[in-house]
Number of protein chains: 2
Amino acid sequence: MTQETRPLSKKDIRRENEKLILEAAEKVFAEAGFGGATMQLIADLAGLPKANLHYYFPTKESLYRRVVQTIFHDWLKAADIFDNAPGPVEGIGAYIDAKMEISRRHPAGSKVWASEVMHRAPVIQDYLETTLVEWTEGRMAIIQRWIDEGKMNPVDPRHLLYMLWATTQHYADFGHQIETLNGNAPLSDSQWEAAKGSVKTIILTGIGAIPSA
Amino acid sequence: MTQETRPLSKKDIRRENEKLILEAAEKVFAEAGFGGATMQLIADLAGLPKANLHYYFPTKESLYRRVVQTIFHDWLKAADIFDNAPGPVEGIGAYIDAKMEISRRHPAGSKVWASEVMHRAPVIQDYLETTLVEWTEGRMAIIQRWIDEGKMNPVDPRHLLYMLWATTQHYADFGHQIETLNGNAPLSDSQWEAAKGSVKTIILTGIGAIPSA
DNA sequence: CATCATCTTGACCATACGGTCAGGTTGAGA
DNA sequence: TCTCAACCTGACCGTATGGTCAAGATGATG
């Protein structure tokens, strides 16, 4: 009945352990914030001795940095959909879907990101000033094009983007509040669908991309 | 040339010092989170010795609790406007204005609140389950009435409220990101007006309270 | 099989932090 | 003026935390 465990190669060990650590770290950083998180807690959750964490990540900050970078990467990737969409209904609709799905599947990541930005982005400020600025300008141009083509109302693209970020991430960052208001229960499948639908309907109607009911 | 300082009464001293401490604490908790904040930092910012903080607030947690309670109170108060409004344009419009103003004037408070909720509301969970639940149901009823009266589209009142919270608080909680995207400059008066206008236009249009442009 | 780089970990260390306390100062009240 | 409660604070303490290290275990390489 014993599980025959084949010895792992060194590469596999490294990959496996880094993954364990990063997953545990994301959760703990999300729950407790950078200051409240302890290496011991992360180690326990990862099922490794604390000293082993410091073998892979020399300092708490270096571990945190890796977590945040990963999240930032996913954050940007979620918007690929935006690019080749013919108009706002498809582009923004799909973007809302994608970001809502991230909020649902990876709430911890969203929280770490929110925390990082709230604390004035001590570790990813350089990314904000370069990558995020470029990214934002690119999407603003797309939205402006849709406006020029008469596919939506002339709203300020910048504030529309902020609204998209705010509304979608809210379901992760304030998930606890939402659960409490849902009778201390997590949203069901259909409730998530309703949430997505509400956000899409109000925003797409709000920018004149679909007719008002 | 010496400034003649009249001796303060004991009551004044207490009031004055508590105020100093609470203001400093709000800032430090907002910047660093509960775990990252230190009593020494708060003391320095308040201009008092650390031991004096412990005279007024026995523990770090008790100080934090007071900060969060104050914020929760303001949070609820912002929605009085909602109540006697004849319809969504006035009610929701004024609510957006009020919450945007809070985000502008008291970003630290908003951040502390966000942090508290993100960390599963360790100190105000009871308030969420009682006061906030009641409050939310009351506003949902008002929105539903407006819907029944044909003053707006039949959107889900719950998700509309979430959207209002998300969009307005975003300007405080993610203020740093917004500043970075604004060329590392805080929003000017006119930019704040533009932000308010965008949020109101999109949401009020989105719920069919005002016609699409 | 021998050698080596990589991985593992219990024990340890220095520091920083929340909190305490004793002794002193100062406004309030009689 | 005297007494007392409220206020103040430098010095101190126990603990928890991030980080180190040296000695051992384990897979890779030839």
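**Two DNA strands, two chains**

Student: How far is a polar side-chain atom of R14(A) from a phosphate oxygen of DNA strand C?
Tutor: 2.5 Å. A polar contact here is a pair of N or O atoms within 3.5 Å; within protein, one must be able to donate a hydrogen and the other to accept it, and residues adjacent in sequence count only if both atoms are side-chain atoms.

Student: What should I know about the model before I go on?
Tutor: It is a predicted model, where local features need pLDDT of at least 70 and side-chain atom pairs count only at pLDDT 80 or more, while totals for chains, interfaces and linings use all residues. Residues are numbered from 1 along each chain as written, chains are lettered from A and ligands numbered from 1 in written order, and side-chain values use heavy atoms, without hydrogens or water.

Student: Back to strand C. What else lies by a phosphate oxygen there?
Tutor: Y55(A) has a polar side-chain atom 2.4 Å from one. M39(B) does it with a backbone N or O atom, at 2.9 Å. The elements giving two or more residues to this surface are α1 and α3 of chain A plus α3 of chain B. Helices (H or I, at least four residues) and strands (E, at least two) are DSSP runs, numbered from the N terminus.

Student: Which residues come nearest to strand C?
Tutor: Of the 21 residues around it, R14(A), Y55(A), Y56(A), K50(B) and K60(B). A residue is near a strand or molecule if one of its heavy atoms lies within 4 Å.

Student: How do the residues of that surface divide?
Tutor: Into 10 nonpolar, 6 polar and 5 charged. Ala, Val, Leu, Ile, Met, Phe, Trp, Tyr, Cys and Pro count as nonpolar, Asp, Glu, Lys and Arg as charged, and the others, Gly among them, as polar.

Student: Sugar or phosphate, or bases: what share of the strand C atoms within 4 Å of the protein belongs to each?
Tutor: 62% belong to sugar or phosphate and the rest to bases. For DNA strand D, the sugar or phosphate share is 63%.

Student: Which residues come nearest to strand D?
Tutor: K50(A), K60(A), R14(B), Y55(B) and Y56(B), out of 21 around that strand. Polar side-chain atoms lie 2.5 Å from a phosphate oxygen for Y55(B), 2.6 Å for Y56(B) and 3.4 Å for N52(B). α3 of chain A, with α1 (10–36) and α3 (50–56) of chain B, each give two or more residues to the surface.

Student: New topic. How many residues of each chain are in contact?
Tutor: 58 of chain A with 58 of chain B. Contact means heavy atoms within 4.5 Å.

Student: What area do the chains bury between them?
Tutor: About 5000 Å², 64% of it on carbon and sulfur atoms. M118(A), L181(A) and I202(A) supply 16% of what chain A buries against chain B, more than any other three residues. Buried area is the accessible area (1.4 Å probe) that two parts lose on being put together, summed over both.

Student: How many helices and strands in chain A?
Tutor: 11 helices and 0 strands. Of its 213 residues, 50% count as buried. Buried means under 20% relative accessible area, exposed over 50%, partly exposed in between (1.4 Å probe, protein chains only).

Student: Take α2(A). Which residues are buried?
Tutor: M39(A), I42(A), A43(A) and A46(A), in a helix running over residues 39–46. They sit on the same side of α2(A) because they cover an arc of only 100° around the axis. That arc is taken over the directions from the helix axis to the C-beta atoms. An α-helix has 3.6 residues a turn, so residues three or four places apart point the same way.

Student: What do those buried residues pack against?
Tutor: α1 (10–36), α3 (50–56) and α4 (60–77) of chain A. The face turned away carries the exposed D44(A) and L45(A). Just after the helix, G47(A) has a positive phi of about 75°.

Student: Where does A121(A) lie?
Tutor: In the loop between α7 (107–118) and α8 (125–148) of chain A. Its phi is near 50°, positive in a residue other than glycine. Most residues other than glycine have a negative phi.

Student: Is A121(A) buried or exposed?
Tutor: Buried, at 0% relative accessible area. N184(A) also has a positive phi, near 60°, but N184(A) is partly exposed at 47%.

Student: Last one. What does R139(B) touch?
Tutor: A79(B), F82(B), D83(B) and L161(B), not counting residues up to four places away in sequence. Its side chain makes a 2.6 Å polar contact with that of D83(B). R139(B) is in α8 of chain B and is buried, at 11%.
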